[in-house]
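User: Please take a close look at the charged residues of this protein, above all at the loop that carries part of the acidic surface. Set out how it is placed and how the charges elsewhere are paired, in one connected account.

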Amino acid sequence: MSKKIYIEGIRNGKRISTQTLLQEIYQALDKGINEIVVDGCGQHDIGGPLWSKDGKPLKFVVKNPGQRVGSMGMQGTTIIVDGPAPADVGWLNAGAEIIVKGDGGDTTAHCAATGKIFIGGRVGTRSGAMMKYDPKFPRPEFWVLKNTGSFSFEFMGGGIAVVCGYDCEEMESVLGYRSCVGMVGGTIYVRGNVKDLSDDVWLMDLTDDDWEFLDKNLPVFLEKIERPGALGKISKRKDWKKIVAKTYEERAHKSFMAINEFRKNKWVEGGIFGDLLYDNYEVAEFVERKDLRLRYPEWLNANYSAPCEYNCPTYIPTQKRISLLRQNKVKEALEMVLDYSPFPASVCGQVCPNLCMDECTRLYVDLPVRIKELGLLSAEIKAKKCETTKDEKVAVIGSGASGLACAYQLRLMGYHVEVFEKDSVLGGKLMQVIPEERLDRKILETEIQRVLDTGVIAHTNVNVDKKKLKELDKEFDAIVLAVGAHNPIVLPVEGSERLVKGLDFLKAINKGEKPKVGKNVVVIGAGNAGMDVVIGAYEMGAEKVVAIDIQKPAAFEKEIEHAKKLGAEILWPCFTEKITDKGVVLKDGTLIPADTVIVSIGDRPDFSMLEREYLDEKGRVLINEYLQSTVNPKIFVPGDAIKLGLFTHALGDGRKVALNIDRMFKGITLSKFEKAPKIPQDKVKNEYYHPMNAQAVSKMQTEDETKRCMSCGFCRDCHFCEEVCPEQAISRIEKSDGNFEYLSDSNKCIGCGICAGVCPCGIWVMRDNIEKYIES
């Protein structure tokens, strides 16, 4: 049974000091009293870091407190303030439950680390600032019935805040101004108007999990502050939004200079042969062989990655593909690319910006090898026949690029694979979003069918929720969450309800619908997706389209040029202030007229099928470096679900996940599949190749790229080394499997380095033999 004591803050008409009041509280605790009623007069620090000797819960009921009520309150302590409280309520809260049946002052819940704070009114400036979350303890929670002052939630690092906006419908912003500056973690649920949010955060719609949390806990909060009658007014899901911090990648924007702009001229050190041969200028007294040579040659074929292979997120070794074409092994060459990607014609050949070509060594001669056209050559290649030779079963949730790539690779290995797609068609954003003029539908459908022809079983119109995921977890030995990113981000500005979501707009077009647009359209966001929206707007009848962005457009140059040819205008930097019936109003007061405003500033994944323990504070799934869940090792997460990227990134992720699932089933340590280092540019000899003009290159047959590819780091079997060796020390050896290698005979070789000097591909390297020479 609890023991109670009453402490008066005014005695004989005089206010007692905070020190005296706190000493009386300590004495009461020493006597085993665990319920203390304080009728205060501005005394501060009531209910601070206290606990009872016997470990029983403590309860404080306080009237007229001073600052820092509940400061550093401990777990097991309940503090009820009967009325309002001044500044610093719950400062550094360490687990206490604090209930204020009125307003809270400035910096309420400042630095709260755990525990719960319930405010039955409004709170002042900088409330919720620097809230944090230690995974060893429950998340701190901060509930406010009405609104907060300005600069709230500065540098918030974790926890949950709920601002109900009760009776604040006419307020311009229930969070005041400049809220959430420097926020890096946690979630804020807010009801009512929000204005002047920091650029560090996103204002988003609720997920089902978010609403489940609010729907369950709002009645509890209102009972705590004795306002249960307010529930009807604040319990409509459509009125609520949530605020989360941008990821590091979403904040950072770096602009890198193109390699050909950075290095227009090659600097050559050394003498007359300095561009062909590196020489350390060591002089041997005699010409020696064997171990007495100062240097010796090594034939290191494929020891380096070619720039095309190194830059390709799907790891496609184009130099090897062209080598097969050079040997007239056309079928093998066109099939080889299918070992890496099931979409060589759709992705490599059409929608990919071809990072492989950006640093192609051929750029130092004329134009990069036309790898895009090489991808199209594999469009009609049939699927390999795949038998189910393994016992394990894998479920793939989502049929976008990463999902189908993963399913395809697993089938090639002999696993039973089933794909579960939420939509009515397979293909993800490839099928649903990319305009048909950028991606030939027949080619895409052919390549999707090729995946199915391997024996992948596909189920459409299947919504995988928590219940379904648990069923799949029991039935399958591994699960791949290739759910992509299909939740559009909406700008947190006045009039945001007028915005059309770019992703939904593109999906409607690709389904054959005709979404209405006005004559004047503004697209907010000038990335690649934004350019697709521009194209779609013109297709739907727009007469004038303007794309705006806060920074230099992130879209690839060819996408920007395409949009401009259609008549689009692209403006930056432009900072949106609000959306009105007239158009988009920028922060400098400029009005850009628009009948329709479409937002395309990014998308986020939907992980509503996962329990909260799978996600971090920002709602991202917790994975290790192998894209494997840290909660359930059976679950892997590739593609846009973890980081927005190109389709080729998604294909690469899908392949890596498939290979690691195979390793997991075999009991082998998982791998990050790191590439061999990129071959240094000066190892490949530009001097052997004659420049061609762009017109001549465009007229060439794609198969003739074998003449232009410089085969970086991969022997083209030219015999140069064999022919020029002055000692005839080099010989070519044909192997039984059809491959070959070049060997240097140490009995003949004098270590002159001519083989390395003339090798056009950078295969031969000279090794230092000086230590052996000294030992001899």
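Analyst: Asp 440 sits in the loop that runs between helix H13 (428–432) and helix H14 (441–453). The model is a predicted one. With a relative accessibility of 33%, Asp 440 counts as partly exposed, because that class lies between the limits of 20% for buried and 50% for exposed residues. Asp 440 belongs to a negative surface patch, whose other members are Glu 436, Glu 437, Glu 445 and Glu 539. A residue can enter such a patch only with over 30% relative accessible area and no salt bridge, so the 33% of Asp 440 passes the area limit.

The loop between H13 and H14 also holds a positive residue, Arg 438. Its side chain meets that of Glu 559 in a salt bridge, with 3.6 Å from N to O. Glu 559 belongs to helix H18 (residues 557–565), and the pair therefore links distant parts of the chain, 121 residues apart. Both Glu 559 and Arg 438 are buried. The loop thus holds a partly exposed Asp 440 and a buried Arg 438.

Other salt bridges join into a network: Arg 362, Asp 366, Arg 370, Glu 705 and Arg 708 are connected through shared partners. Glu 705 is placed in the loop between helix H20 (694–699) and helix H21 (720–724), and Arg 708 is found in the loop between H20 and H21 as well. Glu 705 is buried, because its relative accessibility is 1%, and Arg 708 counts as buried at 1% relative accessibility. The side chains of Glu 705 and Arg 708 make a polar contact at 2.8 Å. Arg 708 also has backbone groups around its side chain: a polar side-chain atom lies 2.5 Å from the backbone oxygen of Leu 367, and the backbone oxygen of Pro 368 lies 3.5 Å from a polar atom of that side chain. The buried side chain of Arg 708 thus has among its polar partners a carboxylate side chain, that of Glu 705, and the backbone oxygen of Leu 367.

These pairs belong to a wider set, for the whole structure contains 42 salt bridges. One of them joins Asp 239 and Arg 191, whose closest N and O atoms are 4.0 Å apart. Asp 239 lies in the loop between helix H3 (231–234) and strand E13 (240–245), whereas Arg 191 lies in strand E11 (residues 185–191), so the pair ties together parts that are 48 residues apart in sequence. The two partners fall into separate accessibility classes: Asp 239, at 26% relative accessibility, is partly exposed, whereas Arg 191, with a relative accessible area of 6%, is buried.

Strand E13 takes part in a further pair through Lys 241. The side chains of Lys 241 and Asp 205 meet in a salt bridge of 2.5 Å, N to O. Asp 205 is in the loop between strand E12 (201–204) and helix H2 (208–224), and the two residues are 36 residues apart. Lys 241 counts as partly exposed at 29% relative accessibility, and Asp 205 is likewise partly exposed, at 35%.

Some backbone features also deserve a note. Most residues other than glycine have a negative phi, and most peptide bonds are trans. Arg 68 has a phi near 60°, a positive value in a residue other than glycine. Arg 68 lies in the loop between strand E5 (58–63) and strand E6 (77–81) and is partly exposed, at 24% relative accessibility. Cys 111, which is not a glycine either, has a positive phi of about 65°. Cys 111 is located in the loop between strand E7 (94–100) and strand E8 (114–119), where its relative accessible area of 9% makes it buried. The peptide bond from Trp 572 to Pro 573 is cis, with omega near -10°. Pro 573 lies in the loop between strand E23 (569–571) and strand E24 (576–579).

As a setting for these details, the chain comprises 23 helices and 32 strands. Of its 776 residues, 52% are buried. The C-alpha trace spans about 115 × 75 × 55 Å along its principal axes.

How values were computed
Residues numbered from 1 in each chain as written. Predicted model: local features only at pLDDT ≥ 70, side-chain atom pairs only at ≥ 80, totals over all residues. Heavy atoms only, no water. Patch = residues over 30% accessible without salt bridge, like charges linked within 9 Å, V, L, I, M, F, W, Y side chains within 5 Å. Areas by Shrake-Rupley, 256 points an atom, 1.4 Å probe, with all protein chains shown as cover. Lys, Arg positive; Asp, Glu negative; His and termini not counted. Charge placed at Lys NZ, Arg CZ, Asp CG, Glu CD. Helix = DSSP H or I, 4+ residues; strand = E, 2+ residues; numbered from the N terminus. Buried < 20%, exposed > 50% of the residue type's maximum accessible area, 1.4 Å probe, protein only. Polar contact = N/O pair within 3.5 Å; in protein donor to acceptor, adjacent residues only side chain to side chain.
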